[in-house]
Amino acid sequence: MSEPQNRALRLGTRRSKLAMAQSGQVADEVRRLTGRPVELVEITTYGDASREHLAQIGGTGVFVTALREALLRGEVDFAVHSLKDLPTTHPDDLALAAVPVREDARDVLVARDGLTFEQLPEGARVGTGSPRRMSQLNAYARSHGLTIETVPIRGNVDTRIGYVRKGELDAVVLAAAGLNRIGRSDEVTDFLAVDTVLPAPGQGALAIECAADNAELIAALAGLDDPYTRGAVTAERSLLAALEAGCSAPVGAFADLLADGQIVKEMRLRGVVGTTDGSTLVQLSTTGPVPETYDQAMALGRELAAEMLAKGAAGLMGERAH
């Protein structure tokens, strides 16, 4: 059934400032691509309404379920998620119609007095809600002879940066992409290289979902898809899924393209799992041809996960929030 081309497309979004900013950017692109009006439909998710720590309320899916339910009920036509919030298993009745070009995938530090990570004082209190960040920050500090205390925090960007401004914490760690999307990247005091802290699988990327039977919309949204980003995040999420099946420690992963001049030759996938205190990390990487299919990208992630589990990842325990 074809619908009138002038009807506004309804884009489901979470209500946070960040979600609204990234959904607004996607809405502009979809208007440009399709020539149709797009309206934002705000949906409150359990993750937004709950004050509990993410690790306790089920990790990634809490921000996604309400949006997906609205899609399946036909209340919205498509939805925008932060890709790192998506559970690794994908429902059959929804299509991942587009993964646009990825924003900066790195984590960043927002510290008092413009401090970088290495300038933090002894015993500095560093806030983050992510066991993945805690694990790697503690390991990095230890390897540089620093002692830090990681403090679990929740809340939106304003709340988190507020802890630093009010002097309750020396620094907080956030995703670069989020600060860029809401125009606050000038508050960053240090960019944490992926060599120091591997991001969450899919960090910095968006996922645009719609009903699997809406062929017309899937075709229209495909214009927003970036095949390199999709290949990278597919490999990262395949690694995550395979590691989640075999260990409970938090996972960091990042796939990037290795180019020779202008010619992209290979994709490198790096993964890390570690105990939350950073005392034990298993970190490995693999390099292979740039995946040309979904199955090739999945295989890259699974192979690295198998190596990591064999190297001791299976024995690591930790909280599982990503």
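**Close-ups of two sheets and a helix pair**

**View 1. Strands β1 and β3 side by side.** Strand β1 (residues 9-13) runs parallel to strand β3 (residues 78-82), and the two pair over 2 bridges. Pairing here takes at least two DSSP bridges between two strands. Strands are DSSP runs of E with at least two residues, helices are runs of H or I with at least four, and both are numbered from the N terminus. Look across from G12 and you find A79 in β3 standing opposite. A quick note on the model: it's predicted, so local features need pLDDT of at least 70 and side-chain atom pairs count only at pLDDT 80 or more, while totals for chains, interfaces and linings use all residues. Residue numbers start from 1 along each chain as its sequence is written, and side-chain values use heavy atoms, with hydrogens and water left out.

**View 2. The open sheet around β1 and β3.** Zoom out a bit and 5 strands line up as β2-β1-β3-β10-β4, an open sheet with mixed pairing. At the edges sit β2 (38-42) and β4 (94-98), each with a single partner strand, so one side of each has no neighbour in the sheet. From one strand to the next, the twist averages 35°. Helix α3 (residues 65-72) packs on this sheet and touches β1, β3, β4 and β10 (206-211), its direction making about 165° with that of β3. Touching, or contact, means heavy atoms within 4.5 Å. Axes are lines fitted to C-alpha atoms, for helices over the stretch in contact, and angles between N-to-C directions run from 0 to 180 degrees.

**View 3. A second open sheet, with helices laid across.** This one also has mixed pairing, with 5 strands in the order β7-β6-β8-β5-β9. Its edge strands, β7 (148-151) and β9 (190-192), each pair on one side only. The twist here averages 30° from one strand to the next. Inside the sheet, β5 (residues 107-111) and β8 (residues 171-175) pair in the antiparallel sense over 5 bridges, and L109 stands opposite V173 in β8. Helix α4 (residues 131-143) lies across β5, β6 (124-127), β7, β8 and β9, running at about 175° to β7. Helix α5 (residues 157-165) lies across β5 and β8, at about 155° to β8.

**View 4. L192 and D113, one buried and one exposed.** L192 is in strand β9 and is buried, with a relative accessible area of 4%. Buried means under 20% relative accessible area, exposed means over 50%, and partly exposed is in between (1.4 Å probe, protein chains only). Leaving out residues up to four places away in sequence, L192 touches R106, D107, V108, L109, F117, L137, V173 and V197. D113 belongs to the loop between β5 and β6; at 64% relative accessibility, D113 counts as exposed. D113 isn't a glycine, yet it has a positive phi of about 55°.

**View 5. Helices α8 and α9 packed together.** Helix α8 (residues 227-246) packs against helix α9 (residues 294-310) at an angle of about 40°, with their axes 7 Å apart. The two are therefore oblique to each other: under 35 degrees would be roughly parallel, over 145 roughly antiparallel, 65 to 115 roughly perpendicular, and the rest is oblique. Among the residues making the contact are G231, T234 and L239 of α8 and Y294, M298 and R302 of α9.
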